[in-house]
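User: Please take a close look at one part of this structure, the charged side-chain pairs and their surroundings. I would like one connected account.

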Amino acid sequence: MDIIKTDMTCSLGILLCVAVLFRTSQPLIMDKLADNKLCADAECSYALSLATAINDFAAPDCRFINIRAGQMVYVYSKLVPEEGAGVFWSGSVYGERYVDQMGIIGYFPATLVKESVKFKEDTVQIPTTDMDFYCD
């Protein structure tokens, strides 16, 4: 009888651990930072500009990217700020490990960078979607 209790306790413990892991690995739709964004094209697939980070930034959650002062940042979109909200842009940086490849795209405060090259002056304003703030 004790063996059955032990096996049942182990099975319940394993089931609980799997449930917790499954629950924490689910993607999240985070709060929207803005309702509209400015892009170079309707798909936001082309970079608007190249900027240089003037300060470090530690991402507070998965919507954002970490940036260090001096890094080059490709800007893909600029969120149209809501009243009382901060100004955020999305982009990616080159890391030491992947010199030839683009990094992860995420948001960062616009005040953190200084644009050095504008690739496109004209922009397209499009609405943001839940996928713009999706965390995996």
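Analyst: Lys 37 counts as buried, because its relative accessibility is 9% and the limit for burial is under 20%. In this predicted model, the side chain of Lys 37 meets that of Asp 132 in a salt bridge, with 2.6 Å from N to O. The two partners come from distant parts of the chain, 95 residues apart. Lys 37 belongs to strand β2, which spans residues 36–39, whereas Asp 132 sits in the loop between β8 (124–127) and β9 (134–135).

The salt bridge of Lys 37 and Asp 132 is one of four found in a search of the whole structure. Another joins Arg 63 to Asp 61, and the closest N and O atoms of that pair are 2.6 Å apart. Arg 63 is also classed as buried, because its relative accessibility of 13% falls under the 20% limit. Its partner Asp 61 is partly exposed, with a relative accessible area of 23%.

A further salt bridge is formed by Lys 32 and Asp 35, where the closest N and O atoms lie 3.9 Å apart. This pair still qualifies because the cut-off for a salt bridge is 4 Å. Lys 32 is partly exposed, at a relative accessible area of 38%, and Asp 35 is partly exposed as well, at 39%.

Strand β9 enters the picture again through Tyr 134, which is found in that strand. The C-alpha atoms of Tyr 134 and Arg 63 are separated by 7.1 Å, although the two residues are 71 residues apart along the chain. Tyr 134 is partly exposed, with a relative accessible area of 33%, while Arg 63 is buried.

Strand β2, which holds Lys 37, covers residues 36–39, and Cys 39 takes part in a disulfide with Cys 44. The sulfur atoms of Cys 39 and Cys 44 are 1.7 Å apart, and a search of the whole structure finds one disulfide. A disulfide is a covalent bond between the sulfur atoms of two cysteines. The torsion about the S-S bond of Cys 39 and Cys 44 is about 55 degrees, so this disulfide is right-handed. Both Cys 39 and Cys 44 are buried.

Buried residues also make up strand β6, residues 106–109. Gly 106 and Phe 108 point one way from β6, and Tyr 107 and Pro 109 point the other way. In a regular strand the side chains alternate between the two faces of the sheet. Strand β5, residues 88–93, pairs with β6 in the antiparallel sense over four bridges. Within this pairing, Trp 89 stands opposite Phe 108 of β6.

These parts belong to a protein chain with one helix and nine strands. Along the sequence, the helix is followed by the strands, in the pattern α-β-β-β-β-β-β-β-β-β. Of its 136 residues, 32% count as buried. Among contacts with a separation of 6 or more, 65% are between residues 24 or more positions apart; the salt bridge of Lys 37 and Asp 132 links residues 95 apart. The accessible surface of the protein chain comes to about 9200 Å², and 59% of that area belongs to carbon and sulfur atoms.

Conventions:
Residues are numbered from 1 along each chain as its sequence is written. This is a predicted model: local features need pLDDT of at least 70, side-chain atom pairs count only at pLDDT 80 or more; totals for chains, interfaces and linings use all residues. Side-chain values use heavy atoms; hydrogens and water are left out. Buried means under 20% relative accessible area, exposed over 50%, partly exposed in between (1.4 Å probe, protein chains only). Helices (H or I, at least four residues) and strands (E, at least two) are DSSP runs, numbered from the N terminus. Two strands pair if DSSP finds at least two bridges between them. A disulfide is a pair of cysteine sulfur atoms within 2.5 Å. Contact means heavy atoms within 4.5 Å. Accessible areas come from the Shrake-Rupley method with a 1.4 Å probe; for residues, only the protein chains shown count as cover.
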